[in-house]
Amino acid sequence: MIQLIDKTIDETKQGSSFASEKNTDAQKKFYIESYGCAMNFNDSEIVASILFDKGYGTTQIVEEANLILINTCSIRDKAEQTIRHRLKHFKGIKRRNKETLVVIMGCMAERLKENLLEEEKLVDIVIGPDAYRNLPELIAEANSGQKSVNVLLSRDETYGDINPVRLDGNGVTSFVSITRGCNNMCSFCVVPFTRGRERSRNPNSILNEVNELWLNGYRELTLLGQNVDSYRWQNEEGTEVVSFANLLEKVAIQNKEMRVRFST
């Protein structure tokens, strides 16, 4: 069962491999909330990494933020209504500071697209799950007064080269995404339409991320995907194929004392 969750960024995470930095008064800050499945929380960590690279700091106080991001879920109508309720809360903040930008990310952004800009007047940026690399450019456009949308789905984006900033705060367990999207067109599920076709991440990038977690004190990880056991990666020449079973073996051999779970 997918449970609706509200979670804000944890500023306490430090470490050489994590892009966490102390804020200065002059530094732009972002505040992020995530709702829905574990993949959304993992995506928020990817977005945090992208924003850190652009010089942003974090805040847990939404009134301090130059950038408010909401990573959304569309699994049920109640999930979307929760987002709309949060947007009403942010309206007062936006009224007091007109330079604050509000960003809608994730599945609700992908499902409703530019309609969100019309329905929710205070939204400045709508960005889908495969367009997070483009977020800095969209922020620049929004700062110039132009509302921005990028909800293009990709057949190859896995964010495999981005080291997520861990937001969980416990320093022991973490998620590692290995697939994105889904090819199963189940009648009750919105995922193929909001996250696109299934693609598997390069196993070397997965192993690098797992080792990075180990070196930073993590001792348990969950391999994550919309349909995790359908993982199947092959190189461009088709000479190397890695199945889900092969990947589990590689992870287990590389970090023998790491507890490994997996979740769809």
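Mentor: Let's start with a definition: two residues are in contact when heavy atoms of theirs lie within 4.5 Å. In this predicted model, take the contacts between residues at least 6 apart in sequence: 73% of them join residues at least 24 apart.

Trainee: Okay, and what does the secondary structure of the protein come to?

Mentor: Eight helices and 14 strands. The protein has 264 residues, and 54% of them count as buried.

Trainee: How many aromatic pairs does the count come to?

Mentor: Three, with ring centres within 6.5 Å as the rule. One of them is Phe-30 with Phe-52, an edge-to-face pair.

Trainee: What makes Phe-30 and Phe-52 an edge-to-face pair?

Mentor: Check two values. The centres are 6.1 Å apart, and the limit is 6.5 Å, so the rings pair. The planes are 80° apart, and anything over 60 degrees is edge-to-face, so that's the label.

Trainee: Why is this pair said to link distant parts of the chain?

Mentor: Look at where the partners sit: Phe-30 is in strand E2 (residues 29–34), while Phe-52 is in helix H1 (residues 38–53), 22 residues apart. Both Phe-30 and Phe-52 are buried, too.

Trainee: And what kind of aromatic pair do Phe-244 and Phe-262 form?

Mentor: Edge-to-face again, with 5.0 Å from centre to centre and 85° between the planes. Phe-244 belongs to helix H8 (residues 244–254) and Phe-262 to strand E14 (residues 259–263), with their positions 18 residues apart in the numbering.

Trainee: Is Phe-244 called buried or exposed, and why?

Mentor: Its relative accessible area is 8%. Buried means under 20%, so Phe-244 is buried.

Trainee: Then why is Phe-262 put in another class, and what is that class called?

Mentor: Phe-262 has 47% relative accessibility. Buried stops at 20% and exposed begins over 50%, so Phe-262 falls in between and counts as partly exposed.

Trainee: How do you know that the charged end of Arg-219 sits over the ring of Trp-214?

Mentor: The charged end is 3.6 Å from the ring centre, and the cut-off for that distance is 6 Å. There's an angle test as well, within 35 degrees of the ring normal. Arg-219 is listed as sitting over the ring, so both tests are met.

Trainee: Now the sheet. What is the order of the strands in the open sheet of three?

Mentor: E8-E11-E14, with parallel pairing.

Trainee: Why are E8 and E14 said to stand at the edges?

Mentor: Each has a single partner strand, so one side of each is left without a neighbour in the sheet. From one strand to the next, the twist averages 25°.

Trainee: How do you know that E8 and E11 pair?

Mentor: Five bridges join E8 to E11 (residues 220–224), and at least two are needed, so the strands pair. For example, Ser-177 has Leu-224 in E11 as its bridge partner. Five bridges also join E11 to E14, where Glu-220 partners Arg-259.

Trainee: What makes E11 "mostly covered"?

Mentor: Five of its five residues are buried. Glu-220, Thr-222 and Leu-224 point one way, Leu-221 and Leu-223 the other.

Trainee: Which strands does H1 lie across?

Mentor: E8 and E11, running at about 90° to E8. H8 also packs on the sheet, touching E11 and E14, and its direction makes about 155° with that of E14.

Key: Residues are numbered from 1 along each chain as its sequence is written. This is a predicted model: local features need pLDDT of at least 70, side-chain atom pairs count only at pLDDT 80 or more; totals for chains, interfaces and linings use all residues. Side-chain values use heavy atoms; hydrogens and water are left out. Rings of Phe, Tyr and Trp (its six-membered ring) pair if their centres lie within 6.5 Å; planes under 30 degrees apart count as stacked, over 60 as edge-to-face and the rest as tilted. Helices (H or I, at least four residues) and strands (E, at least two) are DSSP runs, numbered from the N terminus. Buried means under 20% relative accessible area, exposed over 50%, partly exposed in between (1.4 Å probe, protein chains only). Axes are lines fitted to C-alpha atoms, for helices over the stretch in contact, and angles run from 0 to 180 degrees between N-to-C directions.
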